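Here's a quick tour of a single model, written for someone who likes to poke at the atoms. Have a look at the sequence and coordinates, then read on.

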Amino acid sequence: MPRSGIGIIGCGAMGAALARGIASSGAVSPADIRVYDQDKKRAEAAAGEWGLRVAAGPEVLLQKSRCIFVAVKPQDVAGAVNSWKEHFQPGAHLLISLAAGVTMQFYRELLPAGSKIIRLMPNTPCLIGEGAIAMSAGSAVGAGEAAEIKELLGGLGLTLAVPEKLLDAVTGLSGSGPAYLYLFVEALVDAGVNAGLDHESASKLALQTVLGAARMLKESGRPPAELRREVTSPAGTTAAALAVLENRSFRGSLIAAVEAAVERAGELKLE
Ligand SMILES: NC(=O)c1ccc[n+]([C@@H]2O[C@H](COP(=O)([O-])OP(=O)(O)OC[C@H]3O[C@@H](n4cnc5c(N)ncnc54)[C@H](OP(=O)(O)O)[C@@H]3O)[C@@H](O)[C@H]2O)c1
């Protein structure tokens with residue numbers, strides 16, 4: 001029987017965001033999206049909002065779906081795949097993995113030869129449709145199939161194709177990236193309070209500054225250095241602040257932090 005549906009295995013934060021993002025893209029009818037979790041309540045919660053179907057088991061999901069999204073924790077991938085791999089057909093299915101650090105080679109060793117595998121590296125803003133997702137397609141995946149998956153993910157944010165070897169770099173930049181920004185905002189709020197603002201006002205101003213600057217970057221399409229120069233008049237207040245940041249290796253610290261995350265992603269790999 002030809003399959004056209006979408007199946008999502010694992011309905012935690014990412015699986016639920018995926019279900020919501022795909023359903024909201026309108027590319028697939030909710031009745032063609034099936035979710036499964038070993039905790040049925042989580043699957044029901046992910047399905048509820050958009051009227052998706054809850055599969056009774058992974059084998060039902062594989063019977064009815066062509067695209068199988070794997071959104072369980074990396075350490076649970078082998079157990080999950082082993083429990084349904086006899087239902088996986090290379091000619092009929094496409095496996096799309098969200099598991100951080102689980103390589104295509106890891107899946108190839110579990111699944112039949114010629115299986116089509118795609119890896120995604122999302123980040124938490126996918127939960128509000130503003131994610132940054134890197135996508136890497138295995139050699140068995142056709143260009144049309146990769147384009148179809150990219151379109152399906154439209155409701156989760158931006159999707160960018162990268163070679164698999166660069167997924168650790170993506171993990172260090174955009175995967176962990178939201179945490180860097182949260183720390184930046186925390187520090188900016190502390191600085192505002194230190195300078196005399198009350199906490200609530202400092203929080204509102206810091207958040208709006210980050211949002212506004214991000215929108216300026218996105219909507220103007222201009223390089224960040226150019227926008228920064230516009231805020232920096234000679235011998236002015238911003239120049240004084242930037243000199244302190246440069247002297248204290250703000251830029252160097254961020255580069256070293258991303259390098260550390262990339263290195264750690266390599267250490268955590270399952271291949
Ligand atoms: N969250 C992020 O920011 C983020 C970012 C990038 C990538 N990812 C990747 O996305 C994947 C999911 O992350 P998450 O944060 O959504 O994890 P999560 O909240 O732990 O959700 C995973 C869900 O899968 C269930 N599960 C475990 N084994 C299963 C099996 N064999 N069959 C069906 N369901 C099973 C879990 O149930 P139990 O709780 O009972 O085990 C849980 O409900 C991970 O591989 C992670 O690397 C996450």
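## Ile149 and its neighbours

Let's start inside. Leaving out residues up to four places away in sequence, Ile149 touches Cys67, Leu94, Ile96, Ile118 and Met135. Keep in mind that this is a predicted model.

Which residues touch the most other members of the largest nonpolar core? Ile149 is on that list, along with Ile6, Phe69 and Leu120, in a core of 32 residues. Helix H1, spanning residues 13-25, is the top contributor to this core and puts in five residues. There's also a second, separate core, with 22 residues, including Leu95, Ala99, Met104 and Leu111.

## Cysteines without partners

How many disulfides does a search of the whole structure find? The count is zero. A disulfide is a covalent bond between the sulfur atoms of two cysteines, and the cut-off used here is a pair of sulfur atoms within 2.5 Å.

Take Cys67, the one that Ile149 touches. The closest cysteine sulfur to its own belongs to Cys11 and sits 16 Å away, so the gap is too far for a bond. Cys126 tells a similar story: its sulfur also has Cys11 as the closest cysteine, at 15 Å, and that is too far for a bond as well. Both side stories end indoors: Cys67 is buried at a relative accessible area of 1%, and Cys126 is buried at 3%.

## The chain as a whole

Zooming out, the chain has twelve helices and eight strands. Along the principal axes, its C-alpha atoms fill a box of roughly 70 × 35 × 30 Å. Of the 271 residues, 38% are buried.

If you count contacts with a separation of 6 or more, 64% of them are between residues 24 or more positions apart. The accessible surface adds up to about 14,800 Å², with carbon and sulfur atoms owning 59% of that. On the charge side, there are 26 positive and 27 negative side chains, and the centres of these two sets are 4 Å apart.

## Two positive phi values

A couple of backbone angles are worth a click if you're checking torsions. Ala235 isn't a glycine, yet its phi is positive, near 60°. You'll find Ala235 in the loop between helix H10 (224-231) and helix H11 (237-247). Is Ala235 buried or exposed? With a relative accessible area of 83%, Ala235 is exposed.

Ser249 is the other case: again not a glycine, and again with a positive phi, of about 60°. Its spot is the loop between H11 and helix H12 (250-267). Ser249 is partly exposed, and its relative accessible area is 38%.

## Asp168, a buried acid

Where does Asp168 sit? It belongs to helix H7, which covers residues 167-175. Asp168 counts as buried because its relative accessible area is 11%, and the cut-off for buried is under 20%.

So what does Asp168 touch? Apart from residues up to four places away in sequence, Asp168 is in contact with Val262, Ala265, Gly266 and Lys269. As for the second helix in this picture, H12 runs over 250-267.

Definitions and conventions
Residues are numbered from 1 along each chain as its sequence is written. This is a predicted model: local features need pLDDT of at least 70, side-chain atom pairs count only at pLDDT 80 or more; totals for chains, interfaces and linings use all residues. Side-chain values use heavy atoms; hydrogens and water are left out. Buried means under 20% relative accessible area, exposed over 50%, partly exposed in between (1.4 Å probe, protein chains only). Helices (H or I, at least four residues) and strands (E, at least two) are DSSP runs, numbered from the N terminus. Contact means heavy atoms within 4.5 Å. Accessible areas come from the Shrake-Rupley method with a 1.4 Å probe; for residues, only the protein chains shown count as cover. Lys and Arg count as positive and Asp and Glu as negative; His and the chain ends are not counted. The place of a charge is taken as NZ of Lys, CZ of Arg, CG of Asp or CD of Glu. A nonpolar core is a set of buried Ala, Val, Leu, Ile, Met, Phe, Trp, Tyr and Cys residues joined through side-chain atoms within 4.5 Å.
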